[in-house]
Amino acid sequence: MATFSLPAKDVDEWNLNPTVTYRHVLSQSTGVHNPLRTIGLCDLDCFYAQCEQRRLGIDPALPIVVLQWDMLIAVNYPAREFGIKRMTKLPDAKKMCPNLVVVHVATYKDGESEPKYHPDPNNKTHKVSLDLYRRESNKILNVFKTTLPTAEIEKASIDESFVDFTRPIQQILLERYPELASPPPDSPLNLDTPLPPPPARLEWHKSSVWVPVNPEAEKGTESSEGPQQEQDSTPATWHDVALSIAAELLDNTRREIRETLGYTTSAGIARNKFLAKLVASYKKPNSQSVLRNAAIPNYLRPLPFQKIRFLGGKLGTILAEEYEAKTVGELLYIDLAEMQRKFGPESLWVYQVFRGIDIGEVKEKPPVNKSMLASKNLPKPIRQDGDVLQWVRVLCSELAVRLLEARETGTVWPKTIALHTKQAGDSASKSKQTPFPFVRDLTGDVIVAAVMKLWKELHTSDAERAANPNVPKMKIINIAVSFNGVETLEQGQRNIAGFFGGPASKGASSSKLIAQEKKSHEDDSNASPLTYKCPTCSKVLSVLSVEGDDEDTRAARLEAVKAEHEDFHFAQRLSRQETIKLGAGSGKRRISPARRGPPSKKRKEPGIESFFKKK
Ligand code: CTP
Ligand code: CA
Ligand code: CA
């Protein structure tokens, strides 16, 4: 792929060097269009493997894999050197590396109140516990919060977080360049006056990897001075100054994570979330890569666009077929008008993402109204009442441990508890929920009692089934228990906390408090966040039947299911325009009128565009 120099038009179109004004440095509302906006994405290297390594005190240079039943779910970097991948079968991995350390994730077993590293865990009798990883994940998040108190932080999954550095960058710019604190007094544009030129020579943060602006030109010039020289050949902008500050800050945070908790991370820093995530895997492990605006075009052009999230499916296939293209660069000549004419107005986001534009915000997820779910795909279906208690007990122990653990950082309590069961052949689970009353001592048994009551309400009893041959046979293949609306109790509710460890509060009558709480539970009409009702076709999507997930992974999966579903509506709308062909492989087909869904209602947020925002 030949390197190209950027004509003025391109610079303008890619918006690589937007004007930065005093307002952009001084404004508190650091919107997504602030040209100083700088985002980081930090991802733990082979996360579960590092957690197990730390727990066992094993030398990080030794090859180690983490197992869930017979599948490798994490492979550390020394093991990857033997060619072992996540998809590798365990016997093959052992052949590739005879000294491989193999650790099975902890599991819950019926009758035990906490997860253990059982010597011979079995899917038929045990349930996977991800508690260790969740706990370590929270510790890591706390390091972000304490080391970056003025940055916006969004936990994106169990092992990665986005950081919006714009605010701390503004503060540091003002400390280092006090002349930016106010525009020249005679300036007619006042705060909208452009900043003076940036410092002539920038110290490119040394322990970061700076993606080359001209990769071809840099080939073969790998010396300690190489990157510095290469970066210097394209003049630094104020955004480059911002990137360097973010690089220092994130490097400090990553060092703190390494030194206090012992984990290595890889990070990406760029002007938005999409690019930060993409560039985080530029060099791994234990590395931090920075993408200057000037380096965006040569970085994106050779990228196979079907590897971009949300372009891996139908839409990517449509584009690849329509233009016989593979890389982002091959699609850059399509102008916006053509793209929108062919693919509808919503294709704006495709046009933008090819040019490295993403207006998705970094938003801290509210700690309230979360849910906790313990789920099990059953190796042997539940066929009668007698089969259920064993699994309910395992699931409830897990929830008890997780709720007690959540209480270490604050007074939290779930509003409701729900039981979900899935019958073989049914597309959705059946669920029933009930308010979860406060109790002084939370044990698995308290939860089991609530769940068994729900079980009786949700299912026909064995006796009734025997008496009535019309009732279909029970064959439950997935069972899950969830706490919903897990909230931090407000000051006024704190007395309730006494119902846990300590004596009950004298001031408030417990029954009254419980009654009030129950009332508020009943008033709460929030649907379980584990399902999503499509506003276009009212179809309910659910992500219950996956085992071994944590909430973050599950939330991400729900997002993916939503995205895929909305992609379907998008494709339907495209087909109505009768302009493009649908379908991968040889046979190109159109969606026939009979297969079209109901006409789409006007929606608040454009579907495909919103996938991108929700990254
Ligand atoms: N994970 C999993 N199943 C998957 C993907 C991920 O159980 N299909 C778990 C892994 O065990 C992993 C963690 O989620 O440790 C984070 O996933 P990811 O960041 O994708 O991979 P890592 O193992 O952290 O490896 P890398 O260094 O490439 O980020
Ligand atoms: Ca990772
Ligand atoms: Ca990850």
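**Exercise 1. Charges over rings**

Task: Find which ring the charged end of R55 sits over, and at what distance from the ring centre.

Solution: The charged end of R55 sits over the ring of Y117, at 3.3 Å from the centre of that ring. This arrangement, like everything that follows, is read from a predicted model. As a next step, look at R355, which lies over the face of Y351, with 3.7 Å to the ring centre.

**Exercise 2. Aromatic pairs**

Task: Classify the pair formed by Y48 and Y133, and state where its two members lie in the chain.

Solution: Begin with what has to be known, since a pair of aromatic rings is described by the distance of the centres and the angle of the planes. The structure has 11 aromatic pairs by the rule used here. In the pair of Y48 and Y133, the centres are 4.0 Å apart and the planes make an angle of 10°. Planes under 30 degrees apart count as stacked, and the pair of Y48 and Y133 is therefore stacked, with its angle of 10°.

The next step is to place the two residues in the chain: Y48 belongs to helix α3 (residues 47-56), whereas Y133 belongs to helix α6 (residues 131-147), and the pair links distant parts of the chain, 85 residues apart. Both Y48 and Y133 are buried.

For contrast, take W204 and W210, whose ring centres are 4.9 Å apart and whose planes stand at 75°, so that this pair is edge-to-face. W204 is buried, because its relative accessible area is 3%, and W210 also counts as buried, at 6% relative accessibility.

A last step widens the view from pairs to a group: Y48 and Y133 belong to one aromatic cluster together with F47 and Y263.

**Exercise 3. Two calcium ions**

Task: List the protein donors of the calcium ion (ligand 2) and those of the calcium ion (ligand 3), and then work out which residue coordinates both ions.

Solution: Start with the calcium ion (ligand 2), whose protein donors are two OD entries of D43, the O of L44 and an OD of D159, lying 2.2 to 3.2 Å from the ion. Along the chain, these donors follow the spacing D-L-x114-D.

Continue with the calcium ion (ligand 3), which has as its protein donors D43 (OD), D159 (OD) and E160 (OE), lying 2.2 to 2.4 Å from the ion. Here the donor residues are spaced D-x115-D-E in sequence.

Now bring the two sites together: the calcium ion (ligand 2) and the calcium ion (ligand 3) are 3.6 Å apart, and D43 coordinates both. D43 lies in strand β1 (residues 39-44), while D159 lies in the loop between β7 (152-157) and β8 (160-164), so the pair ties together parts that are 116 residues apart in sequence.

The final step concerns accessibility, where buried means under 20% relative accessible area. D43 has 12% relative accessibility and therefore counts as buried, and D159 is buried as well, with a relative accessible area of 14%.

**Exercise 4. The surroundings of ligand 1**

Task: State how many residues surround ligand 1, and which of its oxygen contacts involve backbone or side-chain atoms.

Solution: There are 13 residues around ligand 1, and the closest are C46, Y48, I73, Y77 and R86. On the backbone side, a polar atom of C46 is 2.7 Å from an oxygen atom of ligand 1, and a polar backbone atom of L44 is 3.3 Å from an oxygen atom of ligand 1. On the side-chain side, a polar atom of R86 lies 2.8 Å from an oxygen atom of the ligand.

**Exercise 5. A helix and two positions**

Task: Compare the span of helix α18 with the span expected for it, and then decide whether L404 and P435 are buried, partly exposed or exposed.

Solution: Helix α18 (residues 444-458) has 15 residues and reaches 21 Å from its first C-alpha to its last, close to the 21 Å expected at 1.5 Å a residue. Its buried residues include I447, V451 and W455.

L404, found in helix α17 (residues 388-406), is partly exposed, with a relative accessible area of 38%. The C-alpha atoms of L404 and L442 are separated by 7.9 Å, although the two residues are 38 apart along the chain.

P435, which has its place in strand β15 (residues 430-435), is partly exposed with a relative accessible area of 22%. Its C-alpha atom is separated by 9.7 Å from that of F483, 48 residues apart along the chain.

Methods. Residues numbered from 1 in each chain as written. Chains lettered and ligands numbered in written order. Predicted model: local features only at pLDDT ≥ 70, side-chain atom pairs only at ≥ 80, totals over all residues. Heavy atoms only, no water. Phe/Tyr/Trp six-rings, centres within 6.5 Å; stacked < 30°, edge-to-face > 60°. Helix = DSSP H or I, 4+ residues; strand = E, 2+ residues; numbered from the N terminus. Buried < 20%, exposed > 50% of the residue type's maximum accessible area, 1.4 Å probe, protein only. Lys NZ or Arg CZ within 6 Å of the ring centre and 35° of its normal. Expected span 1.5 Å × (residues − 1). Donors = N, O, S within 2.8 Å, 3.2 Å for Na, K, Ca; no water. Near = heavy atom within 4 Å. Polar contact = N/O pair within 3.5 Å; in protein donor to acceptor, adjacent residues only side chain to side chain.
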